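Me: Hi! I've got a structure open and could use some help reading it. Can we go through it together?

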Amino acid sequence: MLRLGVIAATLVTCVAFAAPLGLPPMPIPANNPITPDKVKLGDKLFHDKRFSSTGEVSCATCHDREKGFADGLPVSEGINKLTGTRNAPTVINAAYLHSQFWDGREPTLESQSTQPFLNPVEMALPSHEPILKIVRTDPEYMDLFKKAFGKTGNRITMTEVSQAIASFERTLVAGNSPFDRYFYGGDKKAMSPAAIRGLDIFLNQGRCVSCHVIEQTQALFTDNRFHMIGAAAQQMPKDLDELTAAVEDVKKKGTDIAVLSNAKTSSLGRFAVTRDLTDIGAFKTPTLRNIDLTAPYLHDGSLKTLEEVVLFYNNGGRVKETDPVPELLSGGIRPLNLSKEQEADLVEFLKALTSPEFTQK
Amino acid sequence: MKMDRRTFLKTTGAAVTASALPISLIKVAFGAKNPAKDFTFAYISDAHIQQIEGSKFVRNWDMGLIRTIQEANLLTPRPDFFFFGGDLAQLGKKEELDHGLEIMSRLRGKVYYVIGEHDYYLDLGKYWESKISPLWYSFDHKGIHFIVLNSILTYDKWTHKNWADPMDRMLAMARLDNPEGSPFLVGEKQREWLKKDLEKVDKSIPIVVCSHSPLQKIYKGWNFWTDDAESVQALLKPFKKVSVIYGHVHQIQYNQIGNISFQAVMATAWPWPYPKSYVQAPSHLPKLTVPMNRADPFFERDATGWQFIDLRTGNVDMHYQLPDNKNRSVVFNTKTGRPQDVKYQNVGSRIPPQNHY
């Protein structure tokens, strides 16, 4: 952790505005300071459907404010209702994550934002050129880019586009949930008795906190690591030939396109990025903040409700207790022996992680 | 194809990417003159399969062995064979050995077995011999002479003490730091056999000896020890290249004594710490290891692992596969004449241990 701290200190500067209750200061890259003009520009870019081959899909299609900046679907739909292989993660608090995408294949919001434009099952542009053409000639964009970056014409590149989108995303932070008011704010009435019991299970018998981290002054509910939790185990390559074929697929098409176009390749998880055996089928620990808003769950959206998720973990990474234990299951995943009441309390706790700006509709 | 280790790793790393092989096991040339000796094998050890009751076994140990086998089945090109380095069972019970064998049956390839003390002291190796393997034997493979020893015997007066129950003997030997235990031995009978076995072998042929306990003296208090180690080493002394591979210690250790390279293999079950940390008084432990960097106790596979091995130098080059940790390679350095860690040998390149609060 110490080493990470040093890296963080050299790469980012912390912005002055106070973080919501339960969240740490926002890390901002030194080369992309946040400004109101950039945020405004990023907001517009994020919602612009012209950046897709059909003119019908924007970032916000799959990251919809009304749906907790996710899309409510098991796996996302891009142009012409084409589907990928993975569940859209919420953008809320994504700015805190050490890597982006379920397999962490991109390190920053900036680098992440340029990929869905080109993925054939997402926005399906042949290149970034159509985006640049619009932002260099559309009067509204010309004005916004001038204000945000002092740039016009060919000096506007995807760097500025991605920096603006990332700046907008850095404003999508939400803490101050009933849990935060209870745990950090000292309001003992902020959570229901069931949720308070659920917190105890979360911290102890359920061992959820081992990966979904809660710290003394803040909680991001992720360890920023990758774990094989048993989800979609049946999709995983069964032998060396299938594994080799999947790796071949990644190399031929590039990770982004390969993993979103083929469920078997997708099931490689972090392995597609690192080729490290520990990472086969391992996916990033997602935050649990606002989790009640972003069903369905897991990287493949295979579980419909929080009740199903809790049962899945209680069974040691299996939908049914009688399902086989995946051979490469992460060592941290094992049966929890929670009673039905404990499962219900845990769900109540998860529902107490919703920030007020998303509950007050 | 002659190249130094660094170039070798770099080039083969590139080859991995180019041929889409999922992991870094690459055929290694033993030498242009001996193309037949171009092979690898893999080594799995210390599974400690433990029965709780009936068909219930300790999940953690089961999962360690299962994961290892799943990974080893992905090795490409295929290793010529596997070794299991001992302690398949925790308390030598038939149920444990049978359950262990059932898991081992998922491994694709021939397995040579070495017996450990946890497999032996309940019935003195009877079930092992009838079901699994002889207790000591040798074979030749592509120009290498392999020897398997039963190094976990001990003095007869301890073994045949007036035990109320054989399980008492098993439990006494299973305890790591039992002051009532007894030091391991290869014993005279086996040393005689070894002497005869070696008479047939040309002195220039590389020898690989596989035993469960170290055939060197590391720490008597934990039985990281073989009492007649020097006598065994003396029999191996006339040979040009000798490698000893041992399990039992559940950690990375390597050492060179004269012509003999020693390398320990990891357990699939759990790690032991280096015993030095428990020593109260000054001891004269040989300087053996770069200590294991144990990243995080939450990850139950961390600091366990398995290994694949090549003999391109004629000595054992050990490639440790360490889940949730950084893989390591301990390779015979022909210049210094001893095994060395490819990446972490220099103090400056080591990962400092973490402090837990």
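Me: Which residues are linked with Asp103(A) in a network of salt bridges?
Reply: Arg86(A), Arg105(A) and Asp256(A) are linked with Asp103(A) in that network. A salt bridge here is a side-chain nitrogen of Lys or Arg within 4 Å of a carboxyl oxygen of Asp or Glu. In general, side chains of opposite charge can pair when their charged atoms come close.

Me: Before we go on, what sort of model is this?
Reply: This is a predicted model, where local features need pLDDT of at least 70, side-chain atom pairs count only at pLDDT 80 or more, and totals for chains, interfaces and linings use all residues. Residues are numbered from 1 along each chain as its sequence is written, chains are lettered from A and ligands numbered from 1 in the order in which they are written, and side-chain values use heavy atoms, with hydrogens and water left out.

Me: Back to Asp103(A) and Arg86(A): what is the N to O distance in their salt bridge?
Reply: For Asp103(A) and Arg86(A), the distance is 3.0 Å from N to O. Both residues lie in the loop between helix H3 (59–62) and helix H4 (109–113) of chain A, so the pair ties together parts that are 17 residues apart in sequence. Helices (H or I, at least four residues) and strands (E, at least two) are DSSP runs, numbered from the N terminus.

Me: Is Asp103(A) buried or exposed?
Reply: Asp103(A) is buried, with a relative accessible area of 0%. Arg86(A) counts as buried too, at 6%. Buried means under 20% relative accessible area, exposed over 50%, and partly exposed in between (1.4 Å probe, protein chains only).

Me: How many salt bridges are there over all chains?
Reply: The count comes to 24 over all chains. One of them joins Lys142(B) to Asp80(B), with the closest N and O atoms 2.8 Å apart. That pair links distant parts of the chain, 62 residues apart: Lys142(B) is in the loop between strands E6 (137–141) and E7 (144–148) of chain B, and Asp80(B) is in the loop between H2 and strand E4 (81–84) of chain B. Lys142(B) is partly exposed at 36%, and Asp80(B) is partly exposed at 30%.

Me: And how many salt bridges are there between chain B and chain A?
Reply: Zero between chain B and chain A! The rule does find four residue pairs in polar contact across that interface, both residues being at pLDDT 80 or more. A polar contact is a pair of N or O atoms within 3.5 Å; within protein, one must be able to donate a hydrogen and the other to accept it, and residues adjacent in sequence count only if both atoms are side-chain atoms.

Me: Which element gives the largest share of chain B's side?
Reply: That is H2(B), with six residues.

Me: New topic: how many disulfides are there over all chains?
Reply: Zero over all chains, by a rule that asks for a pair of cysteine sulfur atoms within 2.5 Å.

Me: Why is there no bond from Cys59(A) to Cys62(A)?
Reply: Because the sulfur of Cys59(A) is 9.0 Å from the closest cysteine sulfur, in Cys62(A), which is too far for a bond. Cys59(A) is buried at 14% relative accessibility, and Cys62(A) is buried at 11%.
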